Amino acid sequence: MRKAVYPGSFDPMTFGHLDIIKRAAQNFDEVTVSVLNNKIKNPLFSVEERVKILEKATKDLPNVKVDSFSGLLIDYAAEHGFHVSVRGLRAITDFEYELQIAQTNSKLSHGNLDTVFFTAGLEYSYLSSSGVKEIACFGGDVSECVPDFVADMLYEKYNQKHKGETDEQQN
Ligand code: PNS
C-alpha cells in the first residue's frame, strides 16, 4: 500500500491545501494529513480546531485521514510507516525552504523519508494561511480562499480577539 503523510501547520487549511490533498489522494492509496502541534508558532487555531476543519473538508475523500503530531516528522513517519511526505510548492520562493526540509528529513531518516512535491494550481498559487488570516483580521472577503465554515470560524476568532482588546482598553 502506498501511504503518504502531508504534514503542515494548516492554520487554517486553505483551498490551496485542499487542492494538494485531493491530488495526493489520487496518487497514493492513503494520505494522512497531519497537523503539527508546535507551540512555538503561536497558532490562531488550536490543534483540535485545525484537525476538525481538515476532517470536515475531507469527509468525502475516503482515502484521506487526519491526525496530529508533535516532535520530529521522521519519528512520526517511522512510527506510522510513512515513507513519503507530501508538500506543496506555490512559487520559486517556497523552493529553498522546502528543499531544506526535504533534505533534512532525508538525511535524518537515513533515506527512509522521501518528499514528493505537488505544484499548487495557478488559481491557488497566491494563497497562504497567513495572508488569509490577515485579510480576515481586517474583515476582508476570504470566500475564495477557504470554505465558508472556515471563513465563519476566522471572523469569529477575530471578533473575539477585537472584543478582548476593546474590553482591555476600557478597563
Ligand atoms: O505548514 P508549515 O508550517 O510550512 O509546515 C512545516 C512542517 C510541519 C512540515 C515542518 O515544520 C515540520 O515537519 N516540523 C516538524 C519538526 C521537524 O521534523 N523538523 C525537522 C525538519 S525541518
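In these legends, Ala, Val, Leu, Ile, Met, Phe, Trp, Tyr, Cys and Pro count as nonpolar, Asp, Glu, Lys and Arg as charged, and the others, Gly among them, as polar. Welcome to the close-ups; please keep in mind that the model shown is predicted.

**Figure 1. The shell around the ligand.** Twelve names are worth finding here: the ligand is surrounded by Gly-8, Ser-9, Leu-36, Lys-41, Phe-69, Gly-71, Leu-72, Leu-73, Arg-87, Tyr-97, Ile-101 and Asn-105. Sorted by class, this shell holds six nonpolar, four polar and two charged residues. Helix α4 provides the largest share of the shell, three residues.

**Figure 2. Polar atoms beside the ligand's oxygen atoms.** Start at Leu-73, where a polar backbone atom is 2.8 Å from an oxygen atom of the ligand. At Arg-87 the side chain takes part instead, with an N or O atom 2.9 Å from an oxygen atom of the ligand. Tyr-97 also brings in its side chain, placing a polar atom 3.4 Å from a ligand oxygen. On its own the ligand would expose 540 Å², and the protein buries 77% of that.

**Figure 3. The largest pocket, home of the ligand.** The ligand sits in the largest pocket, which holds about 1100 Å³ of space. Altogether 42 residues line this pocket, and Gly-8, Ser-9, Lys-41, Arg-87 and Tyr-97 lie nearest its centre. By class, the lining divides into 18 nonpolar, 16 polar and eight charged residues.

**Figure 4. Helices and strands that build the pocket lining.** To find your way around the largest pocket, look for the strands β1 (3–8), β4 (84–89) and β5 (114–119), and for the helices α1 (15–27), α4 (92–108) and α5 (129–137). Each of these elements supplies at least two residues of the lining. Which of them gives the most to the lining of the largest pocket? That is α4, with eight residues. The same helix, as seen in Figure 1, gives the largest share of the shell around the ligand.

**Figure 5. Backbone details in the loop between β1 and α1.** Two residues deserve a look in this loop: Phe-10 has its place here, and Pro-12 is found here too. Phi of Phe-10 is near 45 degrees, a positive value in a residue other than glycine. A little further along, Asp-11 and Pro-12 are joined by a cis peptide bond, with omega about -5 degrees.

Definitions and conventions
Residues numbered from 1 in each chain as written. Predicted model: local features only at pLDDT ≥ 70, side-chain atom pairs only at ≥ 80, totals over all residues. Heavy atoms only, no water. 1 Å grid on protein atoms, 1.4 Å probe; cavity = no way out; pocket = protein on both sides within 12 Å on 5 of 7 lines; lining within 4 Å. Points joined across faces, edges and corners; volume = space filled by probe spheres on them. Helix = DSSP H or I, 4+ residues; strand = E, 2+ residues; numbered from the N terminus. Near = heavy atom within 4 Å. Polar contact = N/O pair within 3.5 Å; in protein donor to acceptor, adjacent residues only side chain to side chain. Areas by Shrake-Rupley, 256 points an atom, 1.4 Å probe, with all protein chains shown as cover. Sits in = over half its atoms within 2 Å of the grid points.
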